[in-house]
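Here's a set of exercises to work through with the model open on your screen. Try each task yourself before you read the solution.

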Amino acid sequence: MIGLPTYLAAIALATGIDVIANPQPLRRETLEEAASSAKHLIHTISTGTMASVFPSEGDNAGRPFAMMEYHAPCHPDPSLTFVLMPISLSTRNILRNDNHYATYTVQMPAEGVRSPMSRGRVAFIGVSLSVYCVAKVLLML
């Protein structure tokens with residue numbers, strides 16, 4: 001277990017804030033602040049990592065697979081549109097899953113960031129993609 005002085009020193013090193021000379025109470029982000037940050041992130045960044053699981057048949061059955069994909073926030077919040085290609089393993093895994101589950105993560109780039117821990121990030125875990133939307137995108141290709 002990490003003691004409070006060690007914890008504060010770790011925060012100070014990670015953020016560059018002099019926690020000992022300028023103590024500030026630790027504050028958790030509210031639900032509204034987190035939602036606002038996620039919305040800003042989704043509208044600012046157009047790539048993320050989509051994770052899926054290989055279907056039950058085949059050599060890689062049940063194994064996870066993740067790869068960079070593109071999204072666009074062009075539907076009403078909180079919906080996203082994904083650019084999914086028929087050749088993509090992610091697309092094939094999602095379409096072969098009865099519930100069309102996937103996980104999608106987005107994070108701010110590392111350029112100009114003092115610490116990797118300070119980068120904004122959001123994960124949409126176990127979301128079910130609409131078959132209509134996926135099929136519509138595939139038909140447009």
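**Exercise 1. Which residue in β4 is the bridge partner of M50?**

Before you start, a word on the ground rules. This is a predicted model, where local features need pLDDT of at least 70, side-chain atom pairs count only at pLDDT 80 or more, and totals for chains, interfaces and linings use all residues. Residues are numbered from 1 along each chain as its sequence is written, and side-chain values use heavy atoms, with hydrogens and water left out.

Step 1. Find the strands: β1 covers residues 47-53 and β4 covers residues 101-107. Strands here are DSSP runs of E with at least two residues, helices are runs of H or I with at least four, and both are numbered from the N terminus.

Step 2. Check the pairing. β1 and β4 are antiparallel, with three bridges; two strands pair if DSSP finds at least two bridges between them.

Step 3. Read off the partner: M50 is matched with Y104 in β4.

**Exercise 2. Work out the order of the strands in the sheet.**

Step 1. Go to the other neighbour of β1. Seven bridges tie β1 to β2 (residues 64-72), again antiparallel. Along this pair, A51 has A66 as its bridge partner, and G48 sits opposite E69.

Step 2. Now extend from β4. β4 and β5 run antiparallel and share six bridges, with T105 opposite A123 of β5.

Step 3. Put the strands in a row: the open sheet of five strands reads β3-β2-β1-β4-β5, with antiparallel pairing. β3 (81-83) and β5 (121-128) each have a single partner strand, so they stand at the edges with one side lacking a neighbour in the sheet. From one strand to the next, the twist averages 35°.

**Exercise 3. Sort the side chains of β4 and β1 by face.**

Step 1. Recall the rule: in a regular strand, side chains alternate between the two faces of the sheet.

Step 2. Apply it to β4. A102, Y104 and V106 point to one face and are buried, whereas Y101, T103, T105 and Q107 point to the other and are not. Buried means under 20% relative accessible area, exposed means over 50%, and partly exposed is in between (1.4 Å probe, protein chains only).

Step 3. Do the same for β1: G48, M50 and S52 are on its covered face, while T47, T49, A51 and V53 are on the uncovered one.

**Exercise 4. Place two helices against the sheet.**

Step 1. Take α2 (residues 31-44), which lies across β2, β4 and β5 and runs at about 85° to β5. Angles run from 0 to 180 degrees between N-to-C directions, with axes fitted to C-alpha atoms, for helices over the stretch in contact.

Step 2. Add α3 (residues 89-96). This helix packs on the sheet and touches β1, β2 and β4, making about 45° with the direction of β1. Contact means heavy atoms within 4.5 Å.

Step 3. Pick out H40 in α2. With 52% relative accessibility, H40 counts as exposed. H40 and G120 are 80 residues apart in sequence, yet 9.6 Å apart C-alpha to C-alpha.

**Exercise 5. Look at two loop residues, M85 and H100, and decide how accessible each one is.**

Step 1. M85 belongs to the loop between β3 and α3. Its relative accessible area is 36%, so M85 is partly exposed.

Step 2. H100 is in the loop between α3 and β4. Its relative accessible area is 13%, so H100 is buried. Check its backbone too: phi is positive, about 55°, although H100 is not a glycine.

**Exercise 6. Take stock of the whole chain.**

Step 1. Count the elements: the protein chain has four helices and five strands.

Step 2. Write their order from the N terminus: α-α-β-β-β-α-β-β-α.

Step 3. Finish with burial: 23% of the 141 residues count as buried.
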